[in-house]
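This report introduces a protein structure to a reader who has not seen it before. Please keep the sequence and the 3D view at hand while reading.

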Amino acid sequence: MSAQFEVSPEQEGRLLAFLRRQLFSTPDEVSGTSLEGKTAIVTGSNIGVGFACSRQLFRLGISRLILAVRSEEKGKAAADKLHDDPEIKSGTVEVWPLDLTSYPSVEAFAERAMSLQRMDIVILNAAIMPIKQTLNPSTGHDEEVQVNYLSTVLLLILLLQVIKDKTLSHPSRITIVSTDAAAWTSFKEKDNVPLLASLDKAVGWDPIDRHFVSKLLMQLFVAELTPYVPSSRAVINMATPGLVHDTGITRHANETLQGKIHGILRKLIGFTSDVGARYIVDAAANHGSETHGQYLSERKLKPMAPIVYSPRAAQVRAQLWKETLAELSFANVEDIINGLK
């Protein structure tokens, strides 16, 4: 949290600043980095930014890629599409099931990851953006909070345990796909105790704001988590792909009138998935310990949402941390975290 930024969190979070980045800052392809001999995992990798990240990792020479997807059928179709590239060797792409609506699926995925000889890069990209609230039938939590935050946090912690048991000459890199829009929510639930349970209530639920909140929760948690994780073992950072108009995350919203209007605006100012993925791959492949626990935009360190740095942040982060560890206590996450130092 000690990084020095070119702009204040309030300035970076303004809509006009976001529009400037979208309209006047287009990233070049990531180059000059070799990933030969390395293994990567990309979640939500059968379409959109996740698939584009996968393809770009191959352009950098990745030797083994695991597509972590909910639908194995769609994952295999994505793998076949990647193998259409003659430069990608047969057998270098694997499809592993991962359902972020299910804690057992997350645990099974992490257990399987223990079999890997190495884990160099992890890109946590999978997310949802429903148009109406649903509650997870197993946990009772808001499904968007479940997928975008709780299950992703569980996966992050369990993979850190896997990384701890690997012997690499360099730190592993974990990049979490985030968004500038985390700065745009008032986070009206921030003072609630308990916090997570208050997010399960339908009163005042808004699809756009809830997506922003789910991403903000991850920023708050990562800020609390990274002091426990030596950057010599794993560098954890967050990055935004910017506004992307062809990602699958908005497929349900596109069915509504409001969603269709927003879709037109996204096409006017949004990046393609291939362009947005360049920011994510850059964060995962080109940066070191200076980005540990930090947020990247335009390939530079940028501030997270202003609330992360506010005087209230410590209290909100502490409450979120306490409740999250309690929620995931079945997986002994607190012991795992304490054992990372």
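The text below covers the nonpolar cores, the salt bridges, one pocket and some single residues.

The structure is a predicted model.

## Nonpolar cores

The largest nonpolar core has 64 residues. Within this core, the residues that touch the most other members are Met 119, Tyr 149, Leu 160, Phe 187, Leu 225 and Ile 236. Which helix gives the most to this core? Helix H6, which covers residues 143–164, does so with 14 residues.

Met 119 can be followed further. When neighbours within four places in sequence are left aside, Met 119 is in contact with Thr 39, Ile 41, Ala 113, Leu 159, Val 162, Ile 163, Leu 168 and Ser 172.

A second core, separate from the largest, is made up of 33 residues. Val 30, Leu 35, Ala 79 and Leu 82 are among them.

## Salt bridges

Side chains of opposite charge can pair when their charged atoms come close. The structure holds 17 salt bridges. The table gives some of them, with the N to O distance and the separation along the chain.

| Pair | N to O distance | Separation in sequence |
|---|---|---|
| Lys 302 and Glu 12 | 3.2 Å | 290 residues |
| Arg 20 and Glu 298 | 3.6 Å | 278 residues |
| Arg 210 and Asp 142 | 2.9 Å | 68 residues |

The side chains of Lys 302 and Glu 12 meet in a salt bridge. This pair links distant parts of the chain, with Lys 302 in strand S8 (residues 300–302) and Glu 12 in helix H1 (residues 9–12). Lys 302 and Glu 12 are both buried.

Arg 20 forms a salt bridge with Glu 298. Arg 20 lies in helix H2 (residues 15–24) and Glu 298 in the loop between strand S7 (294–297) and S8, so this pair ties together parts that are 278 residues apart in sequence. Are these two residues buried, exposed or partly exposed? Arg 20 counts as partly exposed because its relative accessibility is 40%, whereas Glu 298 is buried, with a relative accessible area of 14%.

The residues of these two pairs also belong to a network of salt bridges, in which Glu 12, Arg 20, Arg 21, Asp 180, Glu 298 and Lys 302 are linked.

In the pair of Arg 210 and Asp 142, the closest N and O atoms are 2.9 Å apart. Arg 210 is in helix H8 (residues 207–225), and Asp 142 is in the loop between strand S4 (121–124) and H6. Both Arg 210 and Asp 142 are buried.

## The second largest pocket

The volume of the second largest pocket is about 200 Å³. Which residues line the second largest pocket? Its lining consists of Glu 36, Arg 55, Phe 58, Arg 59, Gly 61, Ile 62, Ser 63, Asp 85, Glu 87, Ile 88, Lys 89 and Thr 92. Sorted by class, this lining has six charged, three polar and three nonpolar residues.

## Two buried residues in helices

Asp 209 is found in helix H8. With a relative accessible area of 16%, Asp 209 is buried, because buried means under 20%. Apart from residues up to four places away in sequence, Asp 209 touches Thr 185, Ser 186 and Lys 188. The C-alpha atoms of Asp 209 and Gly 288 are separated by 32 Å, and the two residues are 79 residues apart along the chain.

Ser 105 is in helix H5, which covers residues 103–113. Ser 105 is buried as well, with a relative accessible area of 17%. Not counting residues up to four places away in sequence, Ser 105 touches Pro 97, Leu 98 and Asp 99.

## Backbone details

Val 193 and Pro 194 are joined by a cis peptide bond, with omega at about 0°. Pro 194 is in the loop between strand S5 (172–177) and helix H7 (195–198).

Phe 187 is found in the loop between S5 and H7. Although Phe 187 is not a glycine, it has a positive phi of about 45°. Its relative accessibility is 1%, so Phe 187 counts as buried.

Arg 299 is a residue other than glycine with a positive phi, near 65°. Arg 299 is located in the loop between S7 and S8. With a relative accessible area of 27%, Arg 299 is partly exposed.

Methods
Residues are numbered from 1 along each chain as its sequence is written. This is a predicted model: local features need pLDDT of at least 70, side-chain atom pairs count only at pLDDT 80 or more; totals for chains, interfaces and linings use all residues. Side-chain values use heavy atoms; hydrogens and water are left out. A nonpolar core is a set of buried Ala, Val, Leu, Ile, Met, Phe, Trp, Tyr and Cys residues joined through side-chain atoms within 4.5 Å. Buried means under 20% relative accessible area, exposed over 50%, partly exposed in between (1.4 Å probe, protein chains only). Helices (H or I, at least four residues) and strands (E, at least two) are DSSP runs, numbered from the N terminus. Contact means heavy atoms within 4.5 Å. A salt bridge is a side-chain nitrogen of Lys or Arg within 4 Å of a carboxyl oxygen of Asp or Glu. On a 1 Å grid over the protein atoms alone, a cavity is a set of points where a 1.4 Å probe fits but cannot get out, and a pocket is an open set with protein on both sides within 12 Å along at least five of seven lines; lining residues have an atom within 4 Å of a point. Grid points are joined across faces, edges and corners, and a volume is the space filled by probe spheres set on the points. Ala, Val, Leu, Ile, Met, Phe, Trp, Tyr, Cys and Pro count as nonpolar, Asp, Glu, Lys and Arg as charged, and the others, Gly among them, as polar.
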